[in-house]
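Here is a short, friendly tour of one model. Please have the viewer ready before reading on.

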Amino acid sequence: MIDRKTHLDTRAITLLIACCAFWGLQQILIKTTVAEVPPLWQATIRMVGAVALLWLWCLSRGVPLFARDGTLPGGLLAGLLFAGEFCCIYIGLQHTTASRLTVFLYTSPFWVALFLPRWVPAERLRGLQWVGLALAFGGVVLAFSESFGHSSSVQLRGDVLGLVAGMLWGLTTLALRATKLATASAEKTLFYQVAVTAAVCPFLSLALGESWGFAYSAWAWTSIGLQTVIGAFASYLTWMWLLRHYPATQMSSFTFLTPLFALVFGVVLLAEPLTLQLVLALAGVGLGIVLVNRKRA
């Protein structure tokens, strides 16, 4: 039996903040590497590396990956949704700005909150929690509103892809909690996703005409290494473990921190300006997360 909790505890909150912080930093890593390493080829290297690391991890810990346990349909579904999310993000970034796509991507918690309670009633949010979710999303919109400007038809195409990516992220979470994957190990759950994505990304990279190679700078390989070891392996494995033990709707509210961490790292590492909007956005997201995770009276 899985020890599933009804509320996030200190350990869960600490792990979630650590994951979101790295995912925010990861956006900086991708941004500083994409000019040298094409995006979908970069994603291919990451996912292939993550598959290898996860396989070695499972071998060392005796975690079975290929036992027949009825998780294959749900696993393939989650893998395809996960791969689709990544493809929409990378293709969308060719048509719209990273800030606009980020806002649409982080509609994901709304999809989780809307659909997951239909299969898992315990995940249903109360009225004040919905207010918190909206407030957190509003904070993200506020943080990025300076970069919105005027839309073009090409930009709208990228925005739609960002919205689809957010939906696919939410549906991936739904697949993880509402199918037999909910009883699978965190390692096997992640393996389905990174393995399918590692199989899909090379074909899409070739279709987009990206050039492949390995003669990159030391910084590029450092960036890809961090994205692979910490991002695609350690942080995703942690997220899968958390989904097995804690409410997905409450966890999803924390993902609003990721784009704000990206802005904060931009201020710290790239000397980008610290604006009043960013400070207010951080306050809004923080208050929203508190409301979503507020215990019943």
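In which helix is the place of Gln129? Gln129 sits in helix H6. Keep in mind throughout that this is a predicted model.

## Helix H6: two residues to look at

Helix H6 covers residues 127–144 and includes Leu142. Gln129 belongs to helix H6 too. Gln129 counts as buried because its relative accessibility is 3%, and the cut-off for buried is under 20%. Leu142, with a relative accessible area of 30%, is partly exposed.

You can also place Gln129 against Cys87: the two are 42 residues apart along the chain, and their C-alpha atoms are separated by 31 Å.

## A nonpolar patch on the surface

Leu142 turns up again as one of the residues making a nonpolar surface patch of about 470 Å². Its partners there are Leu274, Leu276, Val279 and Leu280. Helix H12, residues 276–292, supplies the largest share of this patch, with three residues.

## One salt bridge

The salt bridge count for this model is one. Asp69 pairs with Lys188, and their closest N and O atoms lie 3.0 Å apart. This pair links distant parts of the chain, 119 residues apart: Asp69 is in the loop between helix H2 (39–61) and helix H3 (72–92), while Lys188 is in helix H8 (residues 186–207).

Are the two partners buried or exposed? Asp69 is partly exposed, at a relative accessible area of 33%. Lys188, by contrast, counts as buried, because its relative accessibility is 3%.

Terms used: Residues are numbered from 1 along each chain as its sequence is written. This is a predicted model: local features need pLDDT of at least 70, side-chain atom pairs count only at pLDDT 80 or more; totals for chains, interfaces and linings use all residues. Side-chain values use heavy atoms; hydrogens and water are left out. Patches are made of residues with over 30% relative accessible area and no salt bridge: like charges are joined within 9 Å, nonpolar side chains (Val, Leu, Ile, Met, Phe, Trp, Tyr) within 5 Å. Accessible areas come from the Shrake-Rupley method with a 1.4 Å probe; for residues, only the protein chains shown count as cover. A salt bridge is a side-chain nitrogen of Lys or Arg within 4 Å of a carboxyl oxygen of Asp or Glu. Helices (H or I, at least four residues) and strands (E, at least two) are DSSP runs, numbered from the N terminus. Buried means under 20% relative accessible area, exposed over 50%, partly exposed in between (1.4 Å probe, protein chains only).
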